[in-house]
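Visitor: I should like to learn how to read the features of a structural model. Please give the general idea of each feature, and then the case at hand.

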Amino acid sequence: MKVTGTGSRSMMFAHGFGCDQQMWDAVAPSFEQDFRVILFDYVGAGRSDLSAYDSSKYSSLNGYADDVVEIGRTLGFHGAVFVGHSVSAMIGALASLKAPEMFSELVMVGPSARYLDDDSYHGGFSRAQIDELLEFLAENHLGWSAAMGPAIMGNPDRPELGERLTSSFCHTDPKIAREFARVTFLSDNRDDLPAIKARTLVLQCREDIIAPSTVGEYVHSRIPGSTYVLLDATGHCPNLSAPEEVTAAIRAFV
Amino acid sequence: MSDTFPTEDLSDLYEQAPCGYISLSPDTRIVKANRTLANWLGLTASELLGRSFLDVLSFGGRIAYETHLAPLLRLQGFVDEIALDLIHADGSKIPVIANATEKRDEAGKHHFTRFTLLKAVDRLGYERGLRASLTKVEAAFAAEQDAAILREQFIAVLGHDLRNPLAAITAGVQMLQAREQLSERGDLILREMLASGKRASALIDNVLDFARNRLGNGFEITCDSREPLQPVLEQVVAEMRTIAPDRVFDIALSIEDPVYCDRVKIGQLVGNLLSNAVTHGDPEAPIRLTADTLGDRLSISVANGGAPIDAATQDQLFQPFFRGTVRSSQNGLGLGLFIVSEIAKAHEGSIGLVSNESETRFTFLMPLTRDA
């Protein structure tokens, strides 16, 4: 966990499935003047303590939300801002329901309350497609976890990356990543949305196959009083592909 | 005949390279692709232009692209050796291995993402097979481990349950000996029954210790120095005399002060050593037991005569279930010396062996400074 910044209010950035806190490198620093900025890795990602992983605790998003609440309690959050990318948007929503005083604002970047298609609901995923994703992870994580760290040198154009790269990039434990994928893509938080009391901002990208705009609009429509912003960005990771857009949208909201 | 070779044509090399080339705009649109790749996909290069690269990936690859590959490319500038499935125009999958780099200008602005793709149908099929067999082997191994634990639990429970009926039989024999008028022959039979009962009881103790050890409970000892050790050893010798009445035992015990140890286990250690001496030693030669507390250590040794133990056998003697090649009839399970060495270790002591033409001697040494 990393705490920087000088503000009196806290702003917590939470990464989604697939990477770690470095997802926020292009966004978080610009809030350090006005906020106490908190970055962290979920258990199993980045440089977290792998021995803290427990399959049963993390068999639903609640386990991850409990960790967010625990961090919030430790750091004395009151009326803080939670910024969650992807699945973390729902983890933040659950955390805000568990500890209502903790977060007065939620920023959801590419949220989805339900990835699987249902009778009348279009989430964008079928069960078979999720199995295909798990298969992909099985095929690729072997190489990634071993090859990630070393061999990464000579980045003359971005020297600041060099050192961090050797300490592994978006490194996720293969077994935990598979379980996290399953928990993420089989989660269903649609009924939690109307209960959210925090002011909520939904940031949506164009052509996001993981959280299509119909899904973002659905999340917006079910959270009372939420704000919806369609970013000028494509894909699922605007925090990387369009960090200025994301920063401006968050700044305007908080 | 001419010796001139045609020069390499770079655009032809690009188009017909033995690998697929594809370049994407930052929003994953295909801006250039070579003919090799287009052919793999059953399309023309112009049909590919403008489409999203994600359209020609399997669904798993698409999700992984967004969640893993895109962040890695952005943060690190490249990814290597990624296994992907391309989707042919007819819907079939083409397994490939991909490397990718981001082309950035001097200001760091991202212009293209370039992919090199190698067809890897056989290789990935082989890897998938390997992974499947690994999963199978892991499952079989886990099942085997469960079965082994179950077997050891079974041994532990069986050993434990055998103790009570055996104790009842031994008590019955002792009552007959004490209270009944018996013929000489009847008396002899009872003495042999009693000796066999004690031998069976010692075997059960060894098996139980072994099973507990294997079940991960460790070799448990309970030490104190509340009572003297010597009478325990005298009792073991007395029992051994009933088991082997024809043998000569040469006993020299001088343990005056109480020793901080597990007396029952030390008794078991001595019993196992004596029992081995009876089984394997020369029946004509005496069995010598000496025990003393010289200096800061307890020393107990058991010696017998007979043929020396060869070096190869000595190396394996303390392994569980090891049975010497000499006379198989009376060997038991081969746990005796394994238990002896475990008892010695638990007391932070050691077992030494000297075996030559004159004698075979096992010596147990343990420090006396552990009094608590």
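Guide: Let us begin with burial: a residue is buried under 20% relative accessible area, exposed over 50% and partly exposed in between, with a 1.4 Å probe and protein chains only. Helices (H or I, at least four residues) and strands (E, at least two) are DSSP runs, numbered from the N terminus. This is a predicted model, in which local features need pLDDT of at least 70 and side-chain atom pairs count only at pLDDT 80 or more, while totals for chains, interfaces and linings use all residues. Residues are numbered from 1 along each chain as its sequence is written, chains are lettered from A and ligands numbered from 1 in the order in which they are written, and side-chain values use heavy atoms, with hydrogens and water left out.

Visitor: Which residues of helix 1 of chain A are buried?

Guide: They are A:Leu61, A:Gly63, A:Tyr64, A:Ala65, A:Asp67, A:Val68, A:Val69, A:Ile71 and A:Gly72. Contact means heavy atoms within 4.5 Å. The buried residues of this helix pack against several elements of chain A, including strand 2 (9–14), strand 3 (35–40) and helix 5 (174–185).

Visitor: How is a salt bridge recognised, and how many does the structure hold?

Guide: A salt bridge is a side-chain nitrogen of Lys or Arg within 4 Å of a carboxyl oxygen of Asp or Glu. Over all chains, the structure holds 24. One of them joins the side chains of A:Arg199 and A:Glu105 at 2.6 Å, N to O. This pair links distant parts of the chain, with A:Arg199 in strand 6 (residues 199–206) and A:Glu105 in strand 5 of chain A, 94 residues apart.

Visitor: Is A:Glu105 buried or exposed?

Guide: A:Glu105 is buried, because its relative accessible area is 7%. A:Arg199 has 41% relative accessibility and therefore counts as partly exposed.

Visitor: Where do B:Glu342 and B:Lys345 lie?

Guide: Both belong to helix 10 (residues 336–346) of chain B; they are three residues apart, so about one helical turn separates them. Their side chains meet in a salt bridge (2.9 Å, N to O). B:Glu342 counts as buried at 12% relative accessibility, whereas B:Lys345 counts as exposed at 55%.

Visitor: Which residues of chain A are linked in a network of salt bridges?

Guide: A:Arg114, A:Asp118, A:Asp188 and A:Arg190 are linked in such a network.
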